[in-house]
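Colleague: I should like to go through this assembly with you, beginning with local geometry and ending with the annotations. May I put my questions one at a time?

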Amino acid sequence: MLKVAGLKAGYGRTQVLFGIDLEVRAGEIVTIIGANGAGKTSTLRSISGLTQVYAGEIEFKGRPIRGLPPEEITRLGLAHCPEGRQILQRLTVEENLLAGYLPGRGRSFDEIRTEVYDMFPILRERRHSLASRMSGGQQQMLAIGRSLMATPELLMLDEPSLGLAPKIINQIFEIIIGLSKSGISLIVVEQNAAVALEIADYAYVIDAGRCSVEGGAHNVLNDPDLKAAYLGA
Amino acid sequence: MFDYFLQQLIFALAIGAIYGLIALGYTMVYGVMRLINFAHGEFFMLGPYVYTFIFSGLVGLGGLAPVLDSAIAIVASFVIIGLLGVAIERFAYRPLRAYGRLAPMLSALGMSIVLQSAVRVTVGPQPVHFPAIVPSTPVAALGGMVTTVQLGILAAAVLLMVGLTLFVNGTRLGIWIRAASESWTTSSLLGIRVNRAVSLVFFIGPGLGAMAGIMYASYYGIMQPTMGSVIGLKAFTAAILGGIGSIPGAMLGGFLLGAIETFGTAFLPILSGGLIGTEYRDVFAFAVLILVLLFKPAGLLGETVSEETTVAKKDY
Amino acid sequence: MGNPVIVRRIGLLAALALCVVLLALVPKLPPYYVRVVDSILIYIILAVGLNLVVGYAGLLDLGFIAFYAVGAYAYAFLASGQFDIHLPFIVILFIGAAVGALAGILLGFPVLKLRGDYLAIVTLSFGEIIRIAINNADDLTNGPQGIAGLDRASLFGLPLTSPVHFYWLLLALAIIVCAGVYYMERSILGKAWRAMREDQDVVRGLGINTTTLKLLAFALSAAIGGAGGVIFGSFQRFVSPESFTFQESLLVVLIIIIGGVGNIVGVIAGAVVLVILPEVLHFAAQYRLLIYGIVLVAVIVLRPGGLVSPRFNLGFIVRKVRSLWLSPSKT
Amino acid sequence: MALALENVSKHFGSLVAIRNLTLSFDVGSIYSIIGPNGAGKSTVVNMIAGSYSVTSGAIRLGTTELSRLPKHRIAQLGVARTYQNLRLFDGMTVLENLEVCFFPQSWISFLSGTKRLGKAERLDICHACLAEFHLSDVADVLAGDLPYGRQKILELARAFVTQAPIVLLDEPAAGLNHTETKDMAAMIAGLKRADRAIILVEHDMDMVMSISDRIDVLNYGELLCSGTPDVVRANERVQEAYLGTTEELDDIRKLAQGRRAQGGLRSNAGIVRH
Amino acid sequence: MTRNRVLLSAALLLASSVLPAMADDIVLGGSAPMSGAQAEFGQSQIDGAQLYFDQLNEKGGIKGNKVVFRPLDDRADPRQGTLVAQQFCDDSAVIGVIGHMNSGVTMPALDIYSECGMPQVVPATNPELMRMGFKTVVRPVANDFVQGALPAKYVTEKLGLKTAVLVHDKTVFGQGIAGVFKDNFEAGGGKVSGTHGTNPEDVDFSALIASIKLENPDVVYMGAGMPQLALFLKQMREQGLKAQFIGPDIGFTVDFITQVGAASAEGALMTFQLPPYDSSPELKDFSERHQARFGRAPGPYASLGFANAQVMAAAVEKAEMLDREGVLAQLHGVTVDTLLGPVAFDENGENTTAPMYLYVVKDGKFELIKQ
């Protein structure tokens with residue numbers, strides 16, 4: 001589904017990624033873990049066209065997408081739910097969903113909206129309130145729901161559990177599993193590595209802009225060295 | 001005295017409606033680009049000229065019913081000036097996006113000079129009579145006199161404002177514009193073609209400006225190449241007063257500025273016992289603006305962004 | 001080519017000598033050209049002053065010409081038959097600067113809390129308020145009629161009458177202002193301003209009162225504007241509100257942006273271009289303003305960062321001179 | 001000199017970020033504040049530094065109440081800080097980034113020159129500081145041009161150059177690799193002085209555990225536990241708050257397994273180290 | 001930097017090569033705002049002068065020499081005005097200047113012209129200008145004193161109107177002329193019940209008119225430019241304010257009546273320096289030539305520009321030497337029949353017989369009021 005090879009990227013003169021290789025196969029949940037600032041977010045931003053890519057290949061569904069503007073990448077079915085949720089605060093819940101809806105991908109707005117509301121009943125309840133009035137957890141749900149409006153085939157979630165209470169975090173992870181079951185491939189970037197590894201199939205560990213370790217998620221979770229290094233235990 | 005007040009209120013509403021329409025263009029462009037579009041007043045000025053050109057062209061070709069000719073000319077002016085706005089954004093502003101905010105502002109200033117001079121050298125500097133689209137008949141209302149033109153302006157402006165509000169709040173394109181105003185990055189991640197949203201804004205803003213220009217010319221009976229400078233600045237003030245970036249703010253600011261000016265003229269000399277004459281009207285308007293900003297630093301309906309949350313480090 | 005250092009030294013010396021010779025030759029030009037150069041110098045002084053606020057402190061001031069007006073009217077009040085006060089030029093120069101600074105602080109207070117564009121419109125309003133007030137205060141300022149027949153200025157007994165006299169005066173003042181600002185830019189104050197422009201929040205976190213910093217920028221820049229106004233008044237020997245329109249404020253802002261914000265060399269280049277351009281375009285008659293506008297847009301689209309690269313600043317020139325001349329071993 | 005938070009609360013609208021927090025920090029030690037994301041660690045730092053106002057309660061430095069003072073006054077009284085995301089003056093040189101810290105603190109001292117360091121003196125201090133932080137070689141380089149790791153160190157240097165008695169470090173190890181983190185930890189440990197309190201907000205447990213004299217664990221804006229690294233490490237509630245409870249994890253695990261059962265995925269691939 | 005040098009040298013080159021003239025051509029300068037808000041008035045004046053010089057050249061110029069008219073734009077900016085003045089002074093080929101239109105621009109320029117002995121015909125009408133003691137300058141057109149006095153006398157004496165409200169645009173011209181009207185109106189026994197200032201570029205006077213309506217004056221005198229005069233009168237009539245409207249010369253154009261509308265304009269009084277365009281063959285001819293040359297009816301100041309050019313040409317014609325001194329020697333003593341009628345100057349350089357005519361709008365046309 002997605003192949004990234006030798007990705008180097010950065011902001012102006014400051015390079016932050018020094019060669020990332022990763023792959024996502026159809027139906028998988030891939031997690032990217034690593035220290036804060038190691039380059040996890042930059043990896044996602046490079047894939048979705050937000051960060052300047054210096055070198056490397058990015059292929060989505062067999063098609064090179066490096067250099068495409070973010071909106072065109074999204075329109076190909078690769079959605080990115082950014083860090084910090086980035087809800088459009090001045091819009092209502094439903095307007096946020098409308099902003100995320102892309103016509104021409106075969107499904108009507110009403111159809112997907114109903115699905116999203118079924119998945120997150122709280123959003124239906126508060127559909128007309130301003131997004132800025134929603135709590136952190138609700139905003140995260142809205143962010144995920146909004147990404148779904150683009151009918152993505154691959155969804156990249158950046159820190160979906162950031163700043164959320166454990167109970168909500170668990171809900172979010174359950175939703176992620178649900179999304180996967182419905183056929184969407186996922187990349188999940190998480191600081192909460194322990195849980196991320198529990199639900200993921202495959203994991204990449206990023207360290208200082210490089211891919212240092214990869215492997216089946218369970219194996220990573222159970223590796224004593226990695227446990228010590230990344231799981232804080 | 002109450003009749004006097006009502007009479008003045010009517011004047012305030014008519015001029016305020018025009019200010020508000022122009023202010024909308026400033027505020028929309030500012031919303032998506034954070035740009036003070038100094039050229040906006042010129043779209044206002046171009047409106048009646050383009051209208052006259054098309055209208056007389058239609059009449060020259062034999063024409064249809066005068067009402068139809070007018071309607072066609074109005075719509076065509078909107079479209080032509082909207083497209084001009086899009087083209088100007090494309091060539092004079094877009095290349096400067098990466099260069100902070102002063103460079104595009106300067107470019108806008110230059111465009112303003114270009115547009116105004118271009119009209120001046122093609123049709124001459126003199127004011128030209130602009131025949132009223134609606135014949136002006138006085139109507140007694142509210143104890144004062146309203147002309148049909150004033151009523152027409154008010155109706156048309158309110159119609160356009162309501163239309164714009166519905167468009168921006170209720171349609172997908174409108175939502176895209178609002179999304180782009182809030183965050184280009186997030187919008188692009190949602191698959192919104194931000195450049196098209198920007199173009200759309202540069203179509204609607206100048207188009208509305210042109211509509212305001214036609215109303216204005218029709219109201220006062222003249223058009224002239226310099227007519228956009230002063231009123232452009234005033235409308236910009238109105239947009240700031242309402243909170244730049246906010247669409248309802250621009251409308252409110254427009255009506256408010258109209259009211260401040262009108263009532264300033266009407267009541268300053270009376271209330272100050274002749275001490276402060278009408279020539280201080282603009283001082284009064286600016287003083288009100290400064291006062292408002294002292295208490296509401298982001299205008300009446302603008303969002304107060306606390307400095308801690310402002311991510312943009314370099315303002316200028 | 002022998003010793004490259006020596007070659008470069010000679011080149012540098014020649015360049016500097018050329019500058020000095022060019023400056024010394026200006027009085028030999030026909031008076032019209034001297035007047036144009038005088039205009040350029042006035043705008044350099046104004047733009048360097050405004051640059052303190054726009055370029056260093058990062059605040060867009062669209063009402064700068066108000067301080068210029070304050071200075072010019074200070075000269076008109078204190079050196080004419082208007083109130084029959086006739087103070088010496090040099091005294092008024094300082095008074096003009098002081099009154100300008102005061103006006104700057106007055107404007108500074110209400111606007112400090114405002115963000116960019118709101119600040120811009122408030123400064124614009126301030127400029128307009130000052131102009132309209134001057135235009136309306138007939139008893140004080142003769143309103144739109146202006147004040148004519150201002151005293152001929154003299155400096156230390158030397159009369160200042162011809163454009164050439166003013167050339168020397170303006171040149172001296174321009175050099176003083178540029179040198180002063182250059183020194184300030186390199187002082188800790190200049191560094192604090194730059195830091196504030198980059199991140200005002202962090203600057204506050206370092207224990208620096210940004211309110212003070214901003215007020216200081218406003219006051220200094222307004223003082224320069226006021227001094228410029230005094231000279232303008234004594235040069236024209238006539239002041240009227242139409243010299244202090246919003247367009248003039250914009251022109252000074254344009255000079256800064258066209259040249260390169262925050263860069264004295266850029267400001268000089270901007271003043272040269274924007275003062276000379278309309279003069280050159282006289283031949284175009286009614287097309288003059290049109291061509292002016294087109295050139296303006298073209299310049300900014302082609303060189304959005306300003307005509308002069310930020311690297312090529314006064315500091316760069318000074319370093320170059322130092323490294324080549326004072327310590328040749330280091331090249 | 002001691003910094004004390006007394007019954008401090010902070011509300012953002014309806015959200016309670018900090019609830020009745022009481023903490024005190026004495027000079028001479030290194031403190032760490034840890035806790036899950038959103039627990040209020042950064043809020044505490046921002047309140048001490050004056051970036052956020054305090055909803056109720058008081059923050060005192062010695063006998064002075066900080067919580068009502070403007071930010072620059074707090075800094076002048078001796079609270080220096082770094083930021084979670086790098087906030088250097090990118091367009092200024094490394095040396096200038098430090099020099100700015102010595103800007104005269106008031107009009108009076110600016111004009112009279114009292115309490116004002118001479119330029120030479122100022123530069124001496126800055127150069128000494130650069131040497132201490134191994135930055136002398138890049139003194140004239142623009143801060144924005146430094147590699148990430150050195151920018152982090154420069155920000156650290158900027159917090160220490162004025163010898164402030166209270167230094168707040170907001171995630172100094174964020175984004176650093178293991179070696180850099182270790183160096184950073186050693187550097188911070190070496191900055192411990194009898195007249196200085198260092199307060200650290202950090203996610204990196206190795207660093208926190210190795211250099212802290214006391215660790216305060218926040219959860220939901222309240223103090224969950226406070227004590228030496230050993231005490232904190234042993235505390236079950238801390239483990240829970242950080243790793244989540246086992247039952248909840250079990251639920252997710254079950255769901256995940258149900259999904260994986262479909263097969264065809266790389267779940268069982270071995271570990272590859274690059 | 002190279003770019004700047006190129007620009008600079010190009011600038012100097014171009015500036016020195018503006019419109020090259022032949023050796024024995026007579027070069028006359030002219031200056032008025034040709035861009036910016038006042039371009040319309042400035043351009044009309046320049047057009048008028050150009051028209052006369054063209055006419056002159058068709059007939060073989062002056063003493064067989066072609067007249068080259070060189071208009072420069074002063075943007076109504078005093079600083080620009082001094083630059084223009086200096087430019088004319090520096091060019092020894094220029095032996096006379098018609099300029100400037102604005103009193104504020106003329107004021108600082110007078111100094112420069114007098115210093116280089118430049119014969120100057122000034123179109124600006126502020127009375128102050130000719131009292132500053134400059135000997136190089138004459139003014140053929142009536143100053144604001146004459147223009148303000150005439151209608152004041154007429155309405156008090158002939159119409160017996162008692163109360164007036166003054167409106168002016170706070171410019172030198174508008175405020176000055178309104179002041180003159182006031183003095184004369186009051187001297188004639190009238191009472192001025194209010195004076196209102198506006199901004200030069202205002203177009204909406206409705207609020208002001210409503211407040212004037214409360215005072216209900218017999219006369220409204222407006223000292224302002226165009227299109228403000230027309231806009232004011234139109235809005236005045238729309239609000240049903242019936243007072244006698246009076247305006248200055250600048251409104252004496254066909255545009256005024258079209259913009260106000262014939263019905264609303266009916267009865268408005270306007271002063272002008274010229275008899276009606278159809279009153280003499282010269283004027284008729286002027287009007288037609290203007291239409292033919294520029295494709296439009298004479299602008300507000302075109303005829304004045306024409307007359308100023310006539311005066312300047314007459315002085316050149318009489319000059320013994322075709323240089324500044326020669327022209328200057330003749331300037332004050334020149335008597336000439338212009339569009340304005342006969343012109344001769346007093347010791348200050350003011351036209352001794354500067355005529356002024358009062359017109360009333362009748363049936364959509366200006367009609368002369370014979371006194």
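Modeller: A residue counts as exposed when its relative accessible area is over 50%, as buried when it is under 20%, and as partly exposed in between. Please bear in mind that this is a predicted model.

Colleague: Is Q163(D) buried or exposed?

Modeller: Q163(D) sits in the loop between α6 (148-160) and β7 (166-170) of chain D. Its phi is positive, about 60°, although the residue is not a glycine. The relative accessible area of Q163(D) is 54%, and the cut-off for this class is over 50%. Q163(D) is therefore exposed.

Colleague: How does K63(E) count in terms of accessibility?

Modeller: K63(E) also has a positive phi without being a glycine, here about 50°. The residue is placed in the loop between α2 (39-58) and β2 (67-73) of chain E. With a relative accessibility of 47%, K63(E) counts as partly exposed.

Colleague: Which peptide bond leading to a proline of chain E is cis, and in which loop is P227(E) found?

Modeller: The bond from M226(E) to P227(E) is cis, with omega near 5°. A cis bond also runs from G99(E) to H100(E), with omega near -5°, and H100(E) belongs to the loop between β3 (94-99) and α4 (103-115) of chain E. As for P227(E), its loop is the one between β8 (219-223) and α8 of chain E.

Colleague: How are the rings of F5(B) and F263(B) arranged?

Modeller: Over all chains, a search of the whole structure finds 43 aromatic pairs. In this one the ring centres of F5(B) and F263(B) are 5.2 Å apart and the planes meet at 15°. Planes under 30 degrees apart meet the criterion, so the pair of F5(B) and F263(B) is stacked.

Colleague: Why does that pair tie together parts that are apart in sequence?

Modeller: F5(B) is partly exposed, at 32% relative accessible area, whereas F263(B) is buried, at 18%. F5(B) belongs to helix α1 (residues 2-33) of chain B, and F263(B) to helix α10 (residues 247-271) of chain B, so the parts that the pair ties together are 258 residues apart in sequence.

Colleague: At what distance from the ring centre of Y83(D) does R87(D) lie?

Modeller: In chain B, R90(B) lies over the face of F91(B), at 5.8 Å from the ring centre. In chain D, R87(D) takes a place over the face of Y83(D), and the distance to the ring centre is 5.0 Å.

Colleague: Which element gives the most to the lining of the second largest cavity?

Modeller: The structure holds 10 cavities of 30 Å³ or more, and the second largest has a volume of about 130 Å³. Its lining has 13 residues, with F11(B), T147(B), Q150(B), E238(E) and Q239(E) nearest the centre. Two or more residues each come from α1, β3 (144-147) and α8 (194-220) of chain B and from α8 (228-238) of chain E. The most is given, with three residues, by β3(B).

Colleague: How much of the span 165-184 of chain C is helix?

Modeller: UniProt, in an unreviewed entry, lists "transmembrane region" for several spans of chain C, among them 165-184 and 289-306. Residues 289-306 of chain C are 78% helix and 0% strand, with the end C-alpha atoms 21 Å apart. For residues 165-184 of chain C, the end C-alpha atoms are 28 Å apart, strand makes up 0%, and helix makes up 100%.

How values were computed:
Residues are numbered from 1 along each chain as its sequence is written. Chains are lettered from A and ligands numbered from 1 in the order in which they are written. This is a predicted model: local features need pLDDT of at least 70, side-chain atom pairs count only at pLDDT 80 or more; totals for chains, interfaces and linings use all residues. Side-chain values use heavy atoms; hydrogens and water are left out. Rings of Phe, Tyr and Trp (its six-membered ring) pair if their centres lie within 6.5 Å; planes under 30 degrees apart count as stacked, over 60 as edge-to-face and the rest as tilted. Helices (H or I, at least four residues) and strands (E, at least two) are DSSP runs, numbered from the N terminus. Buried means under 20% relative accessible area, exposed over 50%, partly exposed in between (1.4 Å probe, protein chains only). A charge sits over a ring if NZ of Lys or CZ of Arg is within 6 Å of the ring centre and within 35 degrees of the ring normal. On a 1 Å grid over the protein atoms alone, a cavity is a set of points where a 1.4 Å probe fits but cannot get out, and a pocket is an open set with protein on both sides within 12 Å along at least five of seven lines; lining residues have an atom within 4 Å of a point. Grid points are joined across faces, edges and corners, and a volume is the space filled by probe spheres set on the points. UniProt positions are given in the numbering used here, feature names are shortened, and annotations may be inferred rather than shown by experiment.
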